[in-house]
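Colleague: I am in my first year and would like to take a careful look at one part of this protein. Could you go slowly and link each part to what surrounds it?

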Amino acid sequence: MKVRTTGDGPEKGQRDGHDEATRVFARTPPAFEETARFVRGDGDERPDDDRARTFVRPAGGFGAAAPPPADQATRPFVREDVPATGEPLRRAASDDPDEDAGQSRPPRRKRRRRRRPRSLGRILLRTLALIVLVVVMLPFATWGWVWYTARQDERPPSDAIVVLGASQYNGRPSPVFEARLRHAADLYTEGVAPVVVTVGGNQPGDNFTEGGSGARWLVEQGLPEDSVVPIGEGADTLESLELVARTFEERGWRTAVIVSDPWHSLRSREMAEDFGIEAATSPARSGPAVLERETQLWYITRETASLWHYWVFGESATVRVDAL
């Protein structure tokens with residue numbers, strides 16, 4: 001760099017007669033001064049790298065660059081997740097890499113919210129909603145239970161086969177009753193039980209009972225007369241099973257397979273067990289009660305209502321249909 005200056009007189013070594021003399025100053029560029037810098041452990045100084053870097057101060061100040069002393073190892077800073085306890089964001093990594101690898105992050109603690117105390121009105125409202133839900137769902141659950149039991153066919157070895165009565169016409173079983181008797185005869189032939197019990201009374205003006213008509217039909221089909229026990233009483237299912245329970249007690253019987261229509265199986269089994277009989281059900285799969293889908297739906301719905309009537313009031317429903 002050259003700087004020109006003016007003066008009052010000539011310079012030394014210059015010609016006399018010149019009014020202005022020029023002086024040339026040469027400025028030596030200063031030595032390169034290295035500033036502090038961040039470097040990674042591998043020496044790479046890329047500015048866009050945000051990984052852990054080392055702060056290096058030149059030896060002897062900022063005037064000259066010098067490597068760090070060999071006996072002073074640099075320790076990188078490793079970023080950690082901020083814990084809930086307010087610890088520092090960075091920690092000094094250990095000199096031993098195995099030690100750092102074995103360390104696990106402290107678990108975060110979840111803040112627990114304080115629950116508001118439930119008001120009495122809210123508790124009563126939820127209780128009422130639960131009761132309504134149970135009341136609405138129970139009939140549907142019972143309907144499904146009736147349907148499921150109707151599809152079961154249990155034939156364990158028992159003391160007796162009990163045929164629940166249905167209508168008879170002047171000593172001749174109705175189609176529904178005949179379907180039950182035929183199924184009971186098949187069970188007897190298979191050796192399920194040595195005795196068949198027919199039960200059922202008569203309606204006003206009838207000359208024959210349901211139990212007597214059923215026993216006579218079985219004998220005509222080839223069953224031994226001493227293997228058929230008629231009970232000529234019983235106006236409904238509950239009364240009929242009560243009479244059957246007395247006969248079981250007198251003869252020392254304990255187990256039974258009840259034969260009725262599929263939809264009537266659950267209610268008859270529940271009543272028999274309430275009288276102390278270990279009952280299984282083997283419903284008849286033929287007859288008017290199981291032919292049409294509309295008839296099946298009607299009987300399942302009716303049996304659901306009759307079962308709840310028995311559970312609540314302890315008696316059979318007063319409505320009588322031919323299938324029962």
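Colleague: How many residues does the largest nonpolar core have, and which of them have the most contacts inside it?

Modeller: Before turning to the core, please keep in mind that this is a predicted model, with a mean pLDDT of 76 over the chain and 60% of the residues at 70 or more. Over residues 1–21 the pLDDT is below 50, although this stretch still has 23 contacts in the model beyond near neighbours in sequence. The pLDDT is also below 50 over residues 320–324, a stretch with 25 contacts in the model once near neighbours in sequence are set aside.

The largest nonpolar core has 22 residues, and those with the most contacts inside it are Val-162, Val-197, Val-244, Phe-248, Trp-253 and Ile-277. Two or more residues come from each of these elements: strand 5 (160–164), strand 8 (196–199), strand 9 (228–231), helix 5 (237–251), strand 10 (255–259) and helix 6. Of these, helix 5 gives the most to the core, with six residues.

A good place to begin inside this core is Val-244, which has its place in helix 5. Val-244 counts as buried because its relative accessibility is 1%, and the cut-off for that word is under 20%. Not counting residues up to four places away in sequence, Val-244 touches Val-162, Val-199, Ile-231 and Ile-277. With Val-162 the separation along the chain is 82 residues, while the C-alpha atoms of Val-244 and Val-162 are separated by 8.1 Å.

Val-162 leads us on to strand 5, where five of the five residues are buried. Ala-160, Val-162 and Leu-164 lie on one side of this strand and Ile-161 and Val-163 on the other, and with all of them buried, both faces of strand 5 are covered. Apart from the core described above lies another core, of 19 residues, and Ile-161 is among them, as are Ala-185, Ala-193 and Val-257.

Strand 5 also has partners beside it. Four bridges join strand 5 to strand 10, and these two run parallel, with Val-163 standing opposite Val-259 in strand 10. Four bridges likewise join strand 5 to strand 8, again in a parallel arrangement, and here Leu-164 stands opposite Val-199 in strand 8. Val-199 has already appeared in this account, as one of the residues that Val-244 touches.

Another part to look at is helix 2 (residues 120–150), which has 31 residues and reaches 45 Å from its first C-alpha to its last, close to the 45 Å expected at 1.5 Å a residue. Helix 2 nevertheless bends by about 30° at Met-137, and a proline, Pro-139, follows within four residues. The buried residues of helix 2 are Thr-142, Val-146, Thr-149 and Ala-150, and they pack against helix 6 (265–274), strand 11 (278–281) and helix 7 (293–313).

For a view of this packing from the other side, consider Thr-281, which is found in strand 11. Thr-281 is buried because its relative accessible area is 1%. Leaving aside neighbours within four places in sequence, Thr-281 is in contact with Thr-149, Gln-152, Asp-153, Glu-154, Ile-258, Ser-265 and Arg-269. Thr-149 is one of the buried residues of helix 2, and helix 6, which that helix packs against, is also among the elements that give two or more residues to the largest core.

Conventions
Residues numbered from 1 in each chain as written. Predicted model: local features only at pLDDT ≥ 70, side-chain atom pairs only at ≥ 80, totals over all residues. Heavy atoms only, no water. Expected span 1.5 Å × (residues − 1). Bend = angle between axes of the 7 residues up to and from the residue. Buried < 20%, exposed > 50% of the residue type's maximum accessible area, 1.4 Å probe, protein only. Contact = heavy atoms within 4.5 Å. Core = buried A, V, L, I, M, F, W, Y, C linked by side-chain atoms within 4.5 Å. pLDDT = per-residue confidence, 0-100. Pairing = 2+ DSSP bridges.
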